[in-house]
Amino acid sequence: MVIVIRKVRLAMNKKKLTETDIRSKFITPALTVAGWDLLTQIREEVAITSGRIMVQGKVHKRGPAKFADYILYYKPNIPIAVIEAKDNKHALGDGMQQALNYSEMHGDLPFVFSSNGDGFLFHDRTTTDGPVESEISLSEFPSPATLWQHYLSWKGFDDQPAVNVVSQDYHSDGSGKTPRYYQLNAINRTIEAIAKGQDRILLVMATGTGKTYTAFQIIWRLWKSGAKKRILFLADRNILIDQTKSNDFKPFGSAMTKIQKRQAEKSYEIYLSLYQAVTGTEEEQNIYKQFSPDFFDLIVVDECHRGSAAEASAWHDILDYFSSATHIGMTATPKETKDVSNIHYFGEAVYTYSLKQGIEDGFLAPYKVIRIDMDKDLIGYRPAKGKLDKYGQEVEDRIYNQKDFDKNMVLEQRTNLVAEKVSQFLQATNPFDKSIVFCENIDHAERMRQALVNCNPKESRENRKYVMRITGDEQEGKAELDNFIDPESIYPVIATTSKLMTTGVDAQTCKLIVLDQTIKSMTEFKQIIGRGTRINEEHGKFYFTIMDFKKATELFADPDFDGEPVEIFQPEPGAPPIEPPEVFIHDVPDNGLPGDFDDDESSKRIKYVINDVPVYVLAERVQYYGHDGKLVTESLKDYTRKTITQEYASLDDFLASWTAAGQKKLIIDELEQHGVFWEALEEEVGSELDPFDLICHIAFDQPPLTRRERANQVRKRDYFSKYGDQARLVLDALLDKYADGGIDNLEDKSVLTVQPLSDIGTPVEIARLFGGKSGYEAAIQELESQIYALS
C-alpha cells in the first residue's frame with residue numbers, strides 16, 4: 001500500500017517538473033541505459049539555425065533560433081535520430097511534428113522521437129511493414145547498434161567497403177567547430193552517393209554557405225577512408241585556389257600541391273589547379289595529359305556553372321580525359337541551356353541549399369534595395385543635330401538609352417551623379433563600409449573610380465587607396481584584392497570593377513553593392529548579390545544594401561529569384577549560350593585572374609563622351625527583405641500596421657490579448673519576432689511612447705499617450721489609497737520606473753534591488769508590504785491595468 005501511494009505521489013510531482021527536469025531525470029537516463037554514449041553520441045539543445053536577421057531602417061535584430069532538444073549520432077558525422085522533449089503536462093506525442101521538421105532539416109533523419117518523460121512516441125521512416133509510429137516505454141529505447149543496422153539497410157549499404165566510406169569521420173581541428181546542418185547534409189549525401197557507385201554528382205549551395213569547407217570535408221573523408229587516393233580540385237581563378245590552399249584545405253599539409261609553372265609533379269595526393277594552368281590552345285600546353293587518364297580518381301570542380309559542362313570548354317576536355325574518375329560539380333547557380341547543362345552532365349543535384357533558406361536560417365545576410373532612376377535612363381537622350389562630343393566627334397543622331405550608356409555613349413554627368421549618390425549613402429551610414437561598384441566595362445570602372453575620388457576628397461587625401469579600380473587588366477588594383485576582402489584591413493574601402501569580382505571573392509564585410517551594370521543573366525545576378533550575403537558579426541556586418549541604377553534588381557521579381565537555384569537560362573536570339581563573363585581565356589599566367597577583360601568590343605566601335613548634358617534623379621525608393629522573403633516597399637509605419645493587423649484584426653482583439661497576458665513582454669517579444677522594430681518605431685514616432693501606445697496609434701489610429709502621461713493619470717485616480725504608506729511608496733517608485741524605462745521595469749523583479757526601491761527594503765520585505773509574493777504580483781497586475789486603462 002505504501003508503494004502504491006509513493007507511485008501516485010511521484011506521478012503527481014512529475015507534472016510540476018520543468019522540461020529540463022524531464023530531460024535530465026527521465027530521457028537522458030533512458031538513453032544511457034540503452035547504450036548511447038553521453039559524450040560522443042548524445043547532443044542536447046543542438047542549434048540548428050542562427051535565427052533570421054530582420055532589418056528596418058538602420059536597425060536589425062535576430063529572430064529566434066531553432067534548437068533540437070536531442071540529436072543522436074552513431075558517429076560524430078552521422079546523425080541518425082532526433083528527440084523532442086516536453087514537460088509532463090504535455091501528451092507523449094506533442095513534440096512529434098516539431099521533431100519531424102528538425103528531422104527533415106537534418107536530411108530526413110530516419111528515427112524521430114517525442115517524449116514527455118513517460119515514454120517515447122517513435123516515428124520510424126525505415127519500416128516497410130507495421131506501424132510507422134508506435135509508443136515505447138523508457139526502457140525500450142533502441143540501442144545505437146540496433147538503429148545503425150536499420151539505418152544501413154534503409155540506405156542500401158550492404159557491403160563493408162561502402163560502410164567504411166560512409167562511417168569515416170570528418171576532420172576536426174580541435175576547436176569544436178563542426179559542419180552546420182546543411183553542410184553535413186551536403187557532405188553525407190555526396191559520400192553516400194559515391195558509396196553507392198554514383199560517379200557524377202552536383203551540389204548546389206548558395207554563395208557564402210561554405211562550399212569550399214564542404215568540399216574539403218568530402219575530400220577528407222573519401223581520402224582518409226581510402227576510397228579516393230588522388231584528388232584534383234579545379235577552379236578558374238587564382239584567388240580561389242590560393243584561398244582554398246591556405247584556409248580550408250590546410251590540413252592536407254604536405255600531401256597537397258598547387259599545379260603551377262606548367263609542371264606536373266606526380267608525388268602528391270591532393271592537387272589544386274587553375275584549369276588554365278593545365279590547358280591551352282596548343283597541344284603542348286595541355287599538361288594534364290602528362291598524367292595518365294586513370295591518375296586521378298576524384299575531380300572536384302568549383303563554380304561549375306561557369307562553363308565546365310559546356311561541350312567545347314577547357315574544363316570539359318579535362319573531365320573527358322579523366323573520365324574514369326568521380327566528378328563532383330559545386331555551384332551556387334547551376335545553368336541549363338541547349339549547349340550548357342550542369343544537370344545533363346552531373347545529374348540532378350544530390351543536395352540544394354538555397355539563398356532564401358540561408359537567409360531564413362540566419363546564416364546569410366538579408367538585404368535592402370535602393371532603386372534610383374535617372375531621367376536619361378528612363379526617357380533616353382537624343383543629341384541635337386551636329387552635336388560634337390568632348391573629343392570633337394560628331395554624335396550620331398538617334399535616341400540613346402540605358403542600354404547604350406557607358407558602352408557606346410558616355411554621359412559624364414551621369415557617372416558623376418552615380419558617384420555622388422553612392423558617396424551620400426556612405427557618408428550617411430559609414431564612410432568606411434566596404435563597397436563594390438559593378439560597372440559595364442573597365443573604362444567605365446576607371447571613370448567611376450575618378451568620380452568617387454572627387455566625391456570623397458577628404459578620405460582620398462588621407463589614403464590614396466580609399467577608392468581602387470580592381471579589374472583584370474591592372475596589376476596594382478588586383479594586388480589590393482586581398483586587402484579589400486581582409487576584414488582587418490581598412491583599405492581599399494570602395495572597389496570599382498566590371499567582371500573580376502562577380503564571383504569567388506570572399507568579401508565578408510562588404511556592406512554596399514552598387515549596380516551600375518546591365519545584368520540580364522540570373523546566374524550572374526545571383527553571383528553578384530552573393531558578394532554581400534556573408535555575415536561577419538565581429539565587424540558589425542549583419543545585412544547589406546544594394547544600390548541599383550540600371551534596374552538590375554527587377555530580377556528579384558523573377559520567379560527564379562525566390563532563393564531556388566537557377567535551372568533555365570534563355571539566351572537572347574542569336575547570342576551565344578554563355579554570357580561574356582564566361583568566355584574562356586587560355587594560357588593565363590599563374591598570377592592572372594581571368595574575367596574583367598575588356599571584351600565589350602568598345603575598341604571596335606565609336607564611343608561618344610559627352611560632358612555637358614545634365615542628368616537628374618527622377619525617383620528613389622527603398623525596399624526591404626521582408627519576413628516572407630519578398631521585397632517590401634512600404635514605409636516603416638505601413639509595414640508595422642500590416643504586421644500588427646495580421647495578428648490582431650481589431651483594437652478590441654488586441655486589447656483583449658493585452659489585458660489577458662500575464663506578462664506584456666510576451667506580446668511585445670512575439671510581435672518583435674514577426675518583424676516589428678520597436679527601436680526604429682520609437683525613433684520615428686516617439687521614444688517616450690510605450691509599445692502599447694505605438695500599437696494602438698499606428699495600427700488602430702488611437703491618440704497616443706507618453707509613458708509619463710500614463711503614470712500621471714494613474715496618480716490622479718484614487719488607486720493608491722487602499723494600500724499602506726510604505727506600499728504606496730513602492731507603487732509610486734514603480735510608476736516612475738515605468739515612466740523612465742517602460743513596462744519591463746514593472747515585470748522584472750530585479751527592479752526591487754535598485755534605488756529608490758532598495759532603500760525601502762529587500763525584495764522579500766517589499767513583498768510582505770502587500771501580504772506576500774502573491775499579493776505583490778496581484779498589485780503589479782492591477783497597476784498595469786490602471787496604466788493601460790483607456791479612460
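This tour moves through a predicted model, from the whole chain to two sheets and then to the nonpolar cores.

Begin with everything displayed: the protein has 791 residues, of which 55% count as buried, and its secondary structure comprises 30 helices and 25 strands. With a surface switched on, you are looking at about 34300 Å² of exposed area, 48% of which is supplied by carbon and sulfur atoms. If you draw contacts between residues at least 6 apart in sequence, 71% of them join residues at least 24 apart.

Next, select β1, β4, β5, β6, β7 and β8, which form an open sheet of 6 strands in that order, with mixed pairing. The edges are β1 (42–47) and β8 (133–136), each of which pairs on one side only, and the twist averages 30° from one strand to the next. Within this sheet, zoom in on β5 (residues 78–85) and β6 (residues 111–115), which pair in the parallel sense over 5 bridges; here Ile-83 stands opposite Phe-113 of β6.

Add two helices to this view. Helix α2 (residues 19–33) lies across β1, β4 (67–75), β5, β6 and β7 (120–124), and runs at about 15° to β4, whereas helix α3 (residues 96–105) lies across β4, β5, β6, β7 and β8, and runs at about 150° to β6.

Now move to the sheet of 7 strands, an open one with parallel pairing, ordered β11-β12-β10-β13-β14-β9-β15. Because β11 (256–258) and β15 (351–353) stand at its edges with a single partner strand each, one side of each is left without a neighbour in the sheet. Neighbouring strands are turned by 15° against each other on average, direction ignored.

Select β9 (residues 200–205) together with β14 (residues 326–331), a parallel pair joined over 5 bridges, in which Leu-202 has Gly-329 of β14 as its bridge partner. Helix α7 (residues 211–224) packs on this sheet, touching β9, β10 (231–235), β12 (270–274), β13 (298–301) and β14, and its direction makes about 160° with that of β14. Helix α8 (residues 238–246) also packs on the sheet, where it touches β10, β11 and β12, with its direction at about 155° to that of β12.

Which residues touch the most other members of the largest nonpolar core? Among its 82 residues, they are Leu-31, Trp-36, Phe-113, Phe-141 and Phe-252. Centre on Phe-252: leaving aside neighbours within four places in sequence, Phe-252 is in contact with Phe-216, Ile-219, Trp-220, Trp-223 and Ile-270. Finally, a second, separate core of 48 residues can be located through members including Phe-654, Leu-671, Phe-700 and Leu-783.

How values were computed. Residues are numbered from 1 along each chain as its sequence is written. This is a predicted model: local features need pLDDT of at least 70, side-chain atom pairs count only at pLDDT 80 or more; totals for chains, interfaces and linings use all residues. Side-chain values use heavy atoms; hydrogens and water are left out. Two strands pair if DSSP finds at least two bridges between them. Helices (H or I, at least four residues) and strands (E, at least two) are DSSP runs, numbered from the N terminus. Axes are lines fitted to C-alpha atoms, for helices over the stretch in contact, and angles run from 0 to 180 degrees between N-to-C directions. Contact means heavy atoms within 4.5 Å. Buried means under 20% relative accessible area, exposed over 50%, partly exposed in between (1.4 Å probe, protein chains only). Accessible areas come from the Shrake-Rupley method with a 1.4 Å probe; for residues, only the protein chains shown count as cover. A nonpolar core is a set of buried Ala, Val, Leu, Ile, Met, Phe, Trp, Tyr and Cys residues joined through side-chain atoms within 4.5 Å.
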